Amino acid sequence: MEEKNKKAKVSVIVPCYNVEKYIEDCMHSVMNQSEKEIEILCIDDASTDNTKELLRVFAAQDSRIRIFENEENKGLSYSRNVGLKNATGEYIMFLDSDDYFCEEAIQTAYKQAKKEGVDILTFESEVDQTECEEGMRLYGGQRKCDYSQILSGIESYLKFRKNGEYICTVWQHLYRREFLDENQIRYYEGILHEDFLFSFKSYMCAKTVLVIKDKLYCYRIRPGSICTSQKFEDHVRGILTSMEQTMKWLTSSDFLIQRAALYELKALKGELANYGYVECDAVKRHFIMKIENPLWKKIVEEVWQVEKFCWFPKKKVDKLFVCKRIYMYGKGKIAGTIIGDIEKSGLKLEGVIVSKKGDKDERYAGYKVFQCDELKEELTESVVIVAVGVRLRDEIIDYLFEINETALPIVLQ
């Protein structure tokens, strides 16, 4: 029997529900880790099989195991919150009860995180496909790009998204417990796809993130798991709730967080498609109608319309529409429509930009017309609304960055 540690290096949170077939592999993988100064918090979510009894057997063998029993089935988010509330370790790791840790997982993660003093450490995973059936989705994965530099959470998130390698599953991360507590990072209860909100907030709040390439976690694909068995409506409801909560970040005073929120909304919209949910105007209106500023409406609508956007500013601005200046590029039909929205919103437009100004191009719709290369300094940390057709869009954006790399192009339809 292991001696109980008064102060654990790592708290491992294991939510459990009807996993009698898998719990032994799971528990042995964590109990047999080389790092012994850990605590194992098992939360039984009112299992109807022998899961609870098996947990009691393990607890009798290892005093590091603490069992919490929900009186009724509350869901994964609630169970993980119980673990977070009762954890005492320096760091937190999550382990799903049908998965298992690789050898040396806890020691490897803890040693690296402690050495660098980071808020979040993220690692690689592998997949156990023994019970995988045709049509099941695979989660987790390995990142191919270089992330050797320690970055802030926001910088890490944007870099992951830009490279298409963002992983939100919490079991592929280790968190400093005080960081989670100080920022009040907890699970939104009662929904599926709960990792989206937890992970997004974690990255937005983290000062330091370290990425390592070690494979420390094994995710088991199986029939009957939450991801493969829940009703279509429950999946959709969870994703829509995540979208609604994510939209609150659009009001942040940090521009990079606003950009990250747009990325997250775009990704969540993609999740709807993964579950066979066909996008419709009603869903779009559900969110768009909640945005008062007409220009913001168009920007968020762009999340639904543009398949790829990765234009990042190099510096922060106080707010998207309380920045130094706002210009519009173009003076065609698209520009004419957008000017009306700008005027309704009460925002101040500095002027209209064109690639080459003609003799009669002094003013457009009452606004002064500038040739782009005349505004090198003026474009610093300025928003440029690109109101041109698809054919010219990329060329204009590249040109703007050549003139001033801190300018922020925004594309509106």
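Analyst: A residue is buried when its relative accessible area is under 20%, exposed when that area is over 50%, and partly exposed in between, using a 1.4 Å probe and protein chains only. The model is predicted, with local features needing pLDDT of at least 70 and side-chain atom pairs pLDDT 80 or more, while totals for chains, interfaces and linings use all residues. Residues are numbered from 1 along each chain as its sequence is written, and side-chain values use heavy atoms, leaving out hydrogens and water.

User: Why is E72 called partly exposed?

Analyst: E72 has a relative accessible area of 49%. That value falls between the limits of 20% and 50%, so E72 is partly exposed. K74 is placed in the same class because its value is 38%.

User: What makes E72 and K74 a salt bridge?

Analyst: The term requires a side-chain nitrogen of Lys or Arg within 4 Å of a carboxyl oxygen of Asp or Glu. The side chains of E72 and K74 meet at 3.4 Å, N to O, so the pair qualifies. The whole structure has 17 salt bridges.

User: How do you know that R186 and D181 form a salt bridge, and why is each residue called partly exposed?

Analyst: The N to O distance between R186 and D181 is 2.7 Å, which is within the limit and therefore counts. R186 has a relative accessible area of 32% and D181 one of 30%. Both values lie in the middle range, so both residues are partly exposed.

User: Which parts of the chain does the pair R161 and E264 link?

Analyst: R161 and E264 form a salt bridge, with their closest N and O atoms 2.8 Å apart. The pair joins distant parts of the chain, 103 residues apart: R161 is in helix α5 (residues 153-163) and E264 in helix α10 (residues 255-274). Both residues are buried. Helices here are DSSP runs of H or I with at least four residues, strands are runs of E with at least two, and numbering starts from the N terminus. By that rule the chain has 14 helices and 14 strands.

User: Which residues are linked with K9 in a network of salt bridges?

Analyst: E35 and E37 are linked with K9 in that network.

User: Why is Q33 called buried, and what does it touch?

Analyst: Q33 has 3% relative accessibility, which is under 20%, so the residue is buried. Q33 sits in the loop between α1 (23-31) and β2 (38-44). A contact means heavy atoms within 4.5 Å. Leaving out residues up to four places away in sequence, Q33 touches F101, C102, E103, E104, A105, I106 and Q107.

User: Why is L41 called buried?

Analyst: The relative accessible area of L41 is 0%, so it meets the buried limit. L41 lies in strand β2. Beyond four places in sequence, its contacts include V12, V14, F68 and N86. L41 and V14 are 27 residues apart in sequence, yet their C-alpha atoms are 5.9 Å apart.

User: What makes helix α7 mostly covered?

Analyst: In α7 (residues 195-205), nine of the eleven residues are buried. Among them are D195, F196, L197, F198 and Y203. For the whole chain of 413 residues, 55% are buried.

User: Why is H193 called buried, and what is its phi?

Analyst: H193 has a relative accessible area of 13%, which is under 20%, so it is buried. H193 is in the loop between α6 (177-182) and α7. Its phi is positive, about 60 degrees, although it is not a glycine. Most residues other than glycine have a negative phi. N18, also not a glycine, has a positive phi of about 50 degrees. N18 is in the loop between β1 (10-16) and α1, and at 26% relative accessibility it counts as partly exposed.

User: What makes D394, E395, D398 and E402 a patch of negative charge?

Analyst: Patch members have over 30% relative accessible area and no salt bridge, with like charges joined within 9 Å and nonpolar side chains (Val, Leu, Ile, Met, Phe, Trp, Tyr) within 5 Å. Asp and Glu count as negative, Lys and Arg as positive, and His and the chain ends are not counted. The place of a charge is NZ of Lys, CZ of Arg, CG of Asp or CD of Glu. D394, E395, D398 and E402 gather in such a patch on the surface. D398, in helix α14 (residues 390-403), has 47% relative accessibility, so it passes the 30% requirement and counts as partly exposed.

Methods:
Areas by Shrake-Rupley, 256 points an atom, 1.4 Å probe, with all protein chains shown as cover.
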